[in-house]
Amino acid sequence: SHVPLYVAGAKIEKYYGFGPTLGSAFNVTLMSYLDSCGLGFTVDTDAVRDADVFDDCVRAGLRAVLES
């Protein structure tokens, strides 16, 4: 939403992305709200054995996109 949202009178400050893997190795959920955009990662640890390497690769890829 590009306008502030409220639930029971309380202003929503931030969204957190969450999506089940549903049979895939990982799921990325993109949530935008007001002037921010967030990514939520859900990872199947049986499929992605080395979470540190996965994290490093995702961060490097996002950094490359943002710098381009």
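This is a short conversation about how to read a predicted protein model.

Visitor: Where should I begin, and how many helices and strands does the protein have?

Guide: Welcome! Keep in mind that the model is predicted. A good start is to list the elements and then follow their order. Here the secondary structure comes to 1 helix and 4 strands, and from the N terminus on the order is β-β-β-β-α.

Visitor: What does the radius of gyration tell me about how spread out the protein is?

Guide: The idea is to set the radius beside the value that the globule rule gives. For the 68 residues of this protein the rule gives 11 Å, but the radius of gyration is 15 Å, well over that, so the protein is more spread out than a compact globule. You can also look at the C-alpha trace, which spans about 45 × 30 × 15 Å along its principal axes.

Visitor: What share of the residues is buried?

Guide: Buried residues make up 15% of the 68. As for the surface, the protein exposes about 5400 Å², and carbon and sulfur atoms supply 58% of that area.

Visitor: And how far apart are the mean positions of the positive and negative charges?

Guide: For this we take each kind of charge and find its mean position. The protein has 5 positive and 9 negative charges, and their mean positions are 5 Å apart.

Visitor: Let's turn to the strands. Which way do β3 and β4 run, parallel or antiparallel?

Guide: To read a pair of strands, look at their direction and at the bridges that join them. Strand β3 (residues 26-33) and strand β4 (residues 36-43) run antiparallel, with 8 bridges between them. You can pick out partners too: V28 stands opposite F41 in β4, while L30 has L39 as its bridge partner.

Visitor: What happens at the turn, and which residue takes a positive phi there?

Guide: The hairpin of β3 and β4 has 2 residues between the strands, and L34 takes a positive phi near 50°.

Visitor: Could we follow one residue? Which residues does L39 touch?

Guide: Happily! L39 lies in strand β4. Leaving aside residues up to four places away in sequence, L39 touches V28, T29, L30 and L62.

Visitor: Why is L39 called partly exposed?

Guide: The label depends on relative accessible area: partly exposed sits between the cut-offs of 20% and 50%. L39 is partly exposed because its relative accessible area is 40%.

Visitor: How far is L39 from E13?

Guide: Along the chain the two are 26 residues apart, and in space 16 Å separates their C-alpha atoms.

Note on methods. Residues numbered from 1 in each chain as written. Predicted model: local features only at pLDDT ≥ 70, side-chain atom pairs only at ≥ 80, totals over all residues. Heavy atoms only, no water. Pairing = 2+ DSSP bridges. Rg over C-alpha atoms; globule rule 2.2 N^0.38 Å. Buried < 20%, exposed > 50% of the residue type's maximum accessible area, 1.4 Å probe, protein only. Areas by Shrake-Rupley, 256 points an atom, 1.4 Å probe, with all protein chains shown as cover. Lys, Arg positive; Asp, Glu negative; His and termini not counted. Charge placed at Lys NZ, Arg CZ, Asp CG, Glu CD. Contact = heavy atoms within 4.5 Å.
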